[in-house]
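Dear colleague,

Please find below the structure that I am handing over to you. My notes on what was found in it follow directly after.

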Amino acid sequence: TQSTWGPFRFLDMSAAKFDQAAELIKLHGSNLSNDQLLNLYALYKQATVGDNDSDDRPRFFNPTGRAKFDAWKAQHGKSHDAAKHEYVELVCSLIPDHAASLH
């Protein structure tokens, strides 16, 4: 078998764990608080899209949109890989009984 070298092996494993963590949240995240879900959303967007460079912040009559925008904007500058890693760690802390396979 061919192995991936050094840090690239970690990145491959991290991407797989990230995808698995996202699926676990879909299945087992229904009891999380709004703040927890907001943190997950922001890290997910940063990991998958990157920086929120938009200046088009939702208006005050859209509090959910504003909260999501602000949470994602707060992740500005964080690398995709760092956001993926933080997302997986957060999932592990929020649903530890279901996230044992991510360790």
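**Confidence and conventions**

Over residues 1–5, pLDDT (the predictor's confidence in each residue, from 0 to 100) stays under 50, and for this stretch the model has two contacts beyond four places in sequence, a contact meaning heavy atoms within 4.5 Å. Where pLDDT is low, the predicted coordinates should not be read in detail. For the protein, the average pLDDT is 88, and 87% of the residues score at least 70.

This is a predicted model, in which local features need pLDDT of at least 70 and side-chain atom pairs count only at pLDDT 80 or more, while totals for chains, interfaces and linings use all residues. Residues are numbered from 1 along each chain as its sequence is written, and side-chain values use heavy atoms, with hydrogens and water left out.

**Overall architecture**

The protein has four helices and zero strands; helices (H or I, at least four residues) and strands (E, at least two) are DSSP runs, numbered from the N terminus. Read from the N terminus on, the order of elements is α-α-α-α. Of the contacts with a separation of 6 or more, 67% are between residues 24 or more positions apart.

Of the 103 residues, 30% count as buried. Here buried means under 20% relative accessible area, exposed over 50%, and partly exposed in between (1.4 Å probe, protein chains only). The protein exposes about 6,900 Å², of which carbon and sulfur atoms supply 52%; accessible areas come from the Shrake-Rupley method with a 1.4 Å probe, and for residues only the protein chains shown count as cover.

**The nonpolar core and helix α4**

The largest nonpolar core has 18 residues, and Ile25, Leu40, Tyr87, Val91, Ala99 and Leu102 are those with the most contacts inside it. Such a core is a set of buried Ala, Val, Leu, Ile, Met, Phe, Trp, Tyr and Cys residues joined through side-chain atoms within 4.5 Å. Two or more residues of this core are given by each of α1 (6–28), α2 (34–48) and α4. The largest share, six residues, comes from α4.

Which residues of α4 are buried? They are Ala83, Lys84, Tyr87, Val88, Leu90, Val91 and Cys92. Val91 touches Ala21, Ile25, Leu40, Pro96, Ala99 and Leu102, residues up to four places away in sequence not being counted. Glu89, also in helix α4, counts as partly exposed because its relative accessibility is 43%. The C-alpha atoms of Glu89 and Lys17 are 10.0 Å apart in space, although these residues are 72 apart in sequence.

The length of α4 agrees with expectation: at 1.5 Å a residue its 15 residues should span 21 Å, and its end C-alpha atoms are 21 Å apart. The expected span is taken as 1.5 Å times one less than the number of residues.

**Leu24 and Gln36**

Leu24 has its place in helix α1 and, at 10% relative accessibility, counts as buried. Apart from residues up to four places away in sequence, Leu24 touches Gly29, Ile95, His98, Ala99 and Leu102. The C-alpha atoms of Leu24 and Ala99 are separated by 7.2 Å, with their positions 75 residues apart along the chain.

Gln36 lies in helix α2 and is partly exposed, at 27% relative accessibility. A polar atom of the Gln36 side chain lies 2.8 Å from the backbone nitrogen of Ser33. The C-alpha atoms of Gln36 and Leu94, 58 residues apart along the chain, are separated by 8.2 Å.

**Two buried polar residues in loops**

Asn52 lies in the loop between α2 and α3. Is Asn52 buried or exposed? Asn52 is buried, because its relative accessible area is 4%. A polar atom of the Asn52 side chain lies 3.1 Å from the backbone nitrogen of Ser54. Beyond its neighbours within four places in sequence, Asn52 is in contact with Gln46, Phe69, Trp72, Lys73 and His76.

Gln75 is found in the loop between α3 (63–73) and α4 (80–94). With a relative accessible area of 15%, Gln75 is buried. Its contacts, leaving aside neighbours within four places in sequence, are with Ala42, Leu43, Gln46 and Asp51. Gln46 is thus in contact with Asn52 and with Gln75.

With kind regards

Notes:
A polar contact is a pair of N or O atoms within 3.5 Å; within protein, one must be able to donate a hydrogen and the other to accept it, and residues adjacent in sequence count only if both atoms are side-chain atoms.
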